[in-house]
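Colleague: Could you take me through one part of this model in detail? Please pick a buried spot and spell out the terms as you go.

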Amino acid sequence: MKAVVYERYEPPDALRLTDVDKPVPRDGEVLVKVSAVSLNASDWETLRGKPLYSRIGGPFRPRHHILGSDIAGRVESAGRNATLFRPGDEVFADILSRMGGFAEYVCVPENSLARLPAGMSYEEAAALPQAGAIALQGIQDKGQVRPGQEVLINGAGGGSGMYAVQLAKLHGAEVTAVDNAEKLEFMRSLGADHVIDYTREDFARNGRNYDVILDLAAHRSAWAYKRSLRPGGRYLYVGGSVATLLQVLLIGPLLGRADARKVRLLAVRLGVHHLDPIVELCRAGKIATFIDRRYPLTEVPEALRYLGEGHARGKVLVIVG
Ligand SMILES: NC(=O)c1ccc[n+]([C@@H]2O[C@H](COP(=O)([O-])OP(=O)(O)OC[C@H]3O[C@@H](n4cnc5c(N)ncnc54)[C@H](OP(=O)(O)O)[C@@H]3O)[C@@H](O)[C@H]2O)c1
């Protein structure tokens, strides 16, 4: 089969489209013929090995040689003891822990798969897993956003931000969305009440405070985030620099004890089985998936560069079959 492989942490030009053996499903796995796979910041980070946390499991060389984690496609065959799906079933999955989506076929443990929701396309299903889980858990489960609250989403023009802005608006919040100048109009179109171009204004120094900050691109100190919270507010680190991550983990629990401001890591529970509430909102037309660009498998390097260089609004997809 065709697959896009890499051997070392490196820039996208070194990715190769090549022939590799078609995988054979093992016990409890099914073989999926990939139709669409969406790109996540985690693909870009794991390609380059930056930030350092992206090297977990492979400090010097990548542990997995085919990237791509949010897939949708059709079941081709099932391994031993895989009884939940049959050939022809339409499915989607988040396979971040093993990757392998930038290929014509991938083996997936059947308990990581879900059926394609009725009325949902392969493209929308491939867009949802990681970005939808981050938005759902950041805004609803851990953010506990309530009507009238002020919510700031940093990095709001990308995949997770696209869902998070819409979800926060559905929860009745006043939303400030932060990203680069290219994405301001896009964030307004998602429903953001206020937008900030991070290259011109630092939201942590503009004197405003928020009830919830969901941070998809964290680079400041934990103290700066605490200062931007209202009493009782919560800051959630999702992705960003390792220095900020360490501060959030080590100092976060001590900060704001007196006034109950919380500075915490959002450890996202990944997997399509946690997605039901956001899948329902998408199916009901209350949340839209914006797909900025679609690329063929032959152009995965271009797709990754487009995402990594910060142009992508919403999701970027690779259409495989
Ligand atoms: N905590 C967990 O359990 C967990 C699980 C899965 C993924 N993650 C992480 O979640 C993060 C978010 O992923 P995503 O898929 O939403 O990424 P994405 O689609 O790339 O979106 C991130 C957005 O942040 C913007 N950005 C970059 N630097 C910024 C800055 N200094 N200030 C404000 N915005 C900035 C980017 O635009 P520009 O680059 O153009 O500026 C981009 O629009 C990733 O870092 C990933 O590793 C965390």
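Modeller: What follows is a close look at Glu110 and its surroundings.

This is a predicted model, so local features need pLDDT of at least 70 and side-chain atom pairs count only at pLDDT 80 or more, while totals for chains, interfaces and linings use all residues. Residues are numbered from 1 along each chain as its sequence is written, and side-chain values use heavy atoms, with hydrogens and water left out.

Start with the location. Glu110 sits in the loop between strand E6 (105-109) and strand E7 (113-115). Strands here are DSSP runs of E, at least two residues, numbered from the N terminus.

Next, the burial. Glu110 is buried, meaning under 20% relative accessible area with a 1.4 Å probe, protein chains only. Yet Glu110 has no salt bridge. That term requires a side-chain nitrogen of Lys or Arg within 4 Å of a carboxyl oxygen of Asp or Glu. For Glu110, the nearest side chain of opposite charge is Arg115, 8.1 Å away. In this count Lys and Arg are positive, Asp and Glu negative; His and the chain ends are not counted.

What does the side chain of Glu110 reach? The backbone nitrogen of Thr83, at 3.1 Å.

Thr83 also appears among the contacts of Glu110. Contact means heavy atoms within 4.5 Å. Neighbours within four places in sequence are left aside. Glu110 then touches Asn81, Ala82, Thr83, Leu84 and Phe85, and also Gly28, Glu29 and Val30.

For contrast, take Arg63. Arg63 counts as exposed because its relative accessibility is 52%, and exposed means over 50%. Arg63 lies in the loop between helix H1 (41-48) and strand E4 (70-78); a helix is a DSSP run of H or I, at least four residues. Not counting residues up to four places away in sequence, Arg63 touches Gly57, Gly58 and Ser97.

Notes: Polar contact = N/O pair within 3.5 Å; in protein donor to acceptor, adjacent residues only side chain to side chain.
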